[in-house]
Amino acid sequence: MSDPELLDRVFLARVVEPGDEIAGRWVRERGVPEVAGRLREGGPPLPGVSGTRWAGLLSRAHQADPHADLAVARKAGARFVRPGDTEWPSQLDDLGDARPLGLWVRGRPSLRMWALRSVAVVGARACTEYGAHMAAVLAAGLAERGWVVVSGGAYGVDGAAHRGALGAGGATVAVLASGVDRPYPRGHTELINRIAEQGLVVGELPPGEHPTQSRFVLRNRVIAALTRGTVVVEAAHRSGSLVTARAAQRLGRLTMGVPGPATSGLSAGVHELLRQEAVLVTDAAEVVELVGDMGELAPARRGPVLPRDLLEPAARQVLAALPGNRTASPEEVARGAQTSPDEAVARLYELRALGYVERHGDGWKLTRQAMISVRAGRSRC
């Protein structure tokens, strides 16, 4: 391997935990070679850490072997993408000193290109059938519109989102809190391997590393930074998916929430987001309208079109002026419709031809068909 900077970054990725802002500041101020050299040589602590913590980093540095990590990654079909590479998604730079030192990537597509048009879909692991359904339908709709669905590969909403995108023949990215060669959770090994074949599996941790609670939390910042916006489908008040949403807000990304039943504890966190800065969405078209380019508008929402909606306005006024339970004279209808008796009679004959009214002597009355149509129109909220 003839690229010292690559080896240094792979070395640091083994030594430093994801999201370590102190180490990120060292890299920014001193450069990768100097920081890696100090850790290899075991000199005095760099600024900002105690002697105990520095000793822990030196212990890790003593065990690190970047050549071995790269060899294991190659065997697993993974590569190391670092800042400055053509495949590096520049939006990750928004994380500042918490920016990843690099990302391990499994899969053929370009991470940078896919991240340009991506949306995160996250939510509860122990989701309801409603949550799983909404995540799958949202992801499928986004995939059909050419958007990449990003999630964390976990049980529940994450898995449903990945499957929805794959089922629609679309693109999806799983961002793991473990090594990309070690799918987690184990029960999703088949799903994550399928994502690696059809999409991308991404992670900060070196090959063979296992997840911890803190690594799950820090992984969420990468999901938020990679994507144009984050959709939370179901989340309780202390859900990890809310960490992703809040990270997205801090980064200036859009946050969206899918509402659930008011009585559901699994939707309480989403509803709290919606009371703040998040935007309510119910389908993929509404998500794309928010995160997409100008002109990608969701269709206007309206109720079902009734036959009476197709009438001209003047005819609808006359129809609405007829009482529902008795016959009315043309003069009474004209007053109700705010028109002349002659105009009312002309419209009444039009409505009779269409089957809405019938004549009884000198008066007019609604037909059964018209009664149903009028009731339907008045019942809409």
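Trainee: Which residues is histidine 188 in contact with, leaving aside its neighbours within four places in sequence?

Mentor: In this predicted model, histidine 188 touches Gly153, Ala154, Tyr155, Gly159 and Arg163. Histidine 188 itself sits in the loop between β5 (172-176) and α9.

Trainee: What makes histidine 188 count as buried or exposed?

Mentor: Set the value against the cut-off. Buried means under 20% relative accessible area, and histidine 188 has 4%, so histidine 188 is buried.

Trainee: Gly159 and Arg163 are in α8, right? What do they meet in α9?

Mentor: Gly159, Arg163, His162, Leu166 and Gly167 of α8 meet Leu191, Arg194, Ile195 and Gln198 of α9. Sorted by class, that contact has 3 nonpolar, 4 polar and 2 charged residues.

Trainee: Why are α8 and α9 called oblique to each other?

Mentor: Their packing angle is about 40°, with the axes 11 Å apart. Roughly parallel would need an angle under 35 degrees, and roughly perpendicular starts at 65. The angle fits neither, so α8 and α9 are oblique. The crossing of α8 past α9 is left-handed, by the way.

Trainee: How about tryptophan 147: why does that one count as buried?

Mentor: Same recipe: under 20% is buried, and tryptophan 147 comes in at 1%, so buried is the word. Look for tryptophan 147 in the loop between α7 (129-144) and β4 (148-151). Its C-alpha atom is 9.8 Å from that of alanine 284, although the two are 137 residues apart along the chain.

Trainee: How do you know that arginine 9 and glutamate 5 meet in a salt bridge?

Mentor: Check the N to O distance: 2.8 Å, and the definition asks for within 4 Å. That pair qualifies, so we call it a salt bridge. Both residues lie in helix α1 (residues 4-15), 4 residues apart, about one turn of the helix. Arginine 9 is buried at 6%, whereas glutamate 5 is partly exposed at 25%.

Trainee: What parts does the salt bridge of aspartate 97 and arginine 28 tie together?

Mentor: Those side chains meet at 2.8 Å, N to O. Aspartate 97 is in the loop between β1 (78-81) and β2 (103-106), and arginine 28 is in helix α2 (residues 21-30), so the pair links parts 69 residues apart in sequence.

Trainee: And why does arginine 28 count as exposed?

Mentor: Exposed means over 50%; arginine 28 has 53%, so exposed applies.

Notes:
Residues numbered from 1 in each chain as written. Predicted model: local features only at pLDDT ≥ 70, side-chain atom pairs only at ≥ 80, totals over all residues. Heavy atoms only, no water. Axes fitted to C-alpha atoms, helices over the stretch in contact; angles between N-to-C directions. Helix = DSSP H or I, 4+ residues; strand = E, 2+ residues; numbered from the N terminus. Parallel < 35°, antiparallel > 145°, perpendicular 65-115°, else oblique. Left-handed = near helix turned anticlockwise from the far one by under 90°. Contact = heavy atoms within 4.5 Å. Nonpolar A, V, L, I, M, F, W, Y, C, P; charged D, E, K, R; others polar. Buried < 20%, exposed > 50% of the residue type's maximum accessible area, 1.4 Å probe, protein only.
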